[in-house]
Amino acid sequence: MKRVLKVIGAVCLGIFIWMILMVCFFQIWKAKTDSMVEELGITATEASSDLADDNEENTNLTVNVSGNPFSTKESGKENIYYDSMQEALLNSTISLELEEQYRRNIDEEIKLFENDKYALLFYRSIKDKKEEAFNCVRFNVDMENGKKMYQFEQMRGETARYNSIYLDNAREVIENNIIASEIIGSIGINPEEERFISGEVCKDFFEEGESIENLKIEGQKPDEIIEYESFGRTWYFWYYNDLQSDKKYDELEFTIKKD
């Protein structure tokens, strides 16, 4: 009998010790788990904070490469200006797809408009033999030690590809250019005082009897017509620094034939 009681006592003692060990292991595990959760919580908070900062930095960033305007305001970089427009483009936070990063390069300057406040640049960017882009960018201008410095502000443009099939005609293209100039004019170098209008049209778009030399809007000839080449085709960039008319953009009348 005593032998049985000893066995039962040993078993009970073993169970008791096992329970104590399990409680200890549970407490240790819980402490480690709480610590991990706390660390993860801090990490998540930091990540959330970083993401919020990134979102805040990109709040004013909008992009469209089909011809609509897009702009960027660089958070924390409002006072950074660069020695050249090319450098300003390369360092700007333009949200372009990887395959469109070439549009930062000024490969051919078409026309530059500039005063002591803004610079408006029209230029070509060449990706390769099959793709290029026509871009319009406005920069803020500042003087430092007698030298002009530039900061990227706004941009718009469109891409073109080799052997693209154009079904356009000159009248439609120029009409669209005029209407789109309401947006372009707003980013001109003197938008409060001048009505800037511009566009680009391919020589092949003109029908018999039509030509860019005959272009008149409200009876006024362009201030300048600049010829350039794209994929072996002749294109014309034309502009009015300050078109004299009170009509709305979609009401402006033009002709591309001789009077």
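This is a short tour of a predicted model, going from the overall fold to its cores and then to its main pocket.

**The whole chain**

Start with a cartoon view of all 259 residues, 35% of which count as buried. You should find three helices and ten strands. Walk along the sequence and the pattern reads α-β-α-β-β-β-β-α-β-β-β-β-β. Now switch on contacts: among those with a separation of 6 or more, 61% join residues 24 or more positions apart. If you'd rather show a surface, about 16100 Å² is exposed, and carbon and sulfur atoms supply 52% of that.

**The largest nonpolar core**

Next, select F122, V201, L215, I217 and W238. Of the 34 residues in the largest nonpolar core, these five touch the most other members. Then colour the elements that give two or more residues to this core: β2 (108–114), β3 (118–126), β4, α3, β6, β8 and β9 (233–240). Which of them gives the most? That is β9, with six residues.

In general, nonpolar side chains in soluble globular proteins tend to be buried together.

**Zoom on F122**

Centre on F122, which you'll find in strand β3. Is F122 buried or exposed? Its relative accessible area is 2%, and buried means under 20%, so F122 is buried. Leaving out residues up to four places away in sequence, F122 touches a run of partners that includes E108, I110, F113, F134, C136, F196 and F237. Try a distance label too: the C-alpha atoms of F122 and N135 are 5.7 Å apart, although 13 residues separate the two along the chain.

**Hop to V201**

Now pick V201. Setting aside neighbours within four places in sequence, V201 is in contact with A170, V173, F206, I212, T234, W235, Y236 and W238. While you're here, look for another core lying apart from the largest one: it has 15 residues, among them L96, L121, V141 and M155.

**The largest pocket**

Last stop: select F134, E158, N177, E200 and W235. Of the 30 residues lining the largest pocket, these lie nearest its centre. Widen the selection to the elements that give two or more residues to the lining, namely β4 (131–144), β5 (147–161), α3 (170–186), β6 (197–202) and β8 (224–230). The pocket has a volume of about 620 Å³. Colour the lining by residue type and you'll get twelve nonpolar, twelve polar and six charged.

Two of the residues near the pocket centre, F134 and W235, have already come up on this tour: F134 touches F122, and W235 is in contact with V201.

Definitions and conventions. Residues are numbered from 1 along each chain as its sequence is written. This is a predicted model: local features need pLDDT of at least 70, side-chain atom pairs count only at pLDDT 80 or more; totals for chains, interfaces and linings use all residues. Side-chain values use heavy atoms; hydrogens and water are left out. On a 1 Å grid over the protein atoms alone, a cavity is a set of points where a 1.4 Å probe fits but cannot get out, and a pocket is an open set with protein on both sides within 12 Å along at least five of seven lines; lining residues have an atom within 4 Å of a point. Grid points are joined across faces, edges and corners, and a volume is the space filled by probe spheres set on the points. Helices (H or I, at least four residues) and strands (E, at least two) are DSSP runs, numbered from the N terminus. Ala, Val, Leu, Ile, Met, Phe, Trp, Tyr, Cys and Pro count as nonpolar, Asp, Glu, Lys and Arg as charged, and the others, Gly among them, as polar. Buried means under 20% relative accessible area, exposed over 50%, partly exposed in between (1.4 Å probe, protein chains only). Contact means heavy atoms within 4.5 Å. Accessible areas come from the Shrake-Rupley method with a 1.4 Å probe; for residues, only the protein chains shown count as cover. A nonpolar core is a set of buried Ala, Val, Leu, Ile, Met, Phe, Trp, Tyr and Cys residues joined through side-chain atoms within 4.5 Å.
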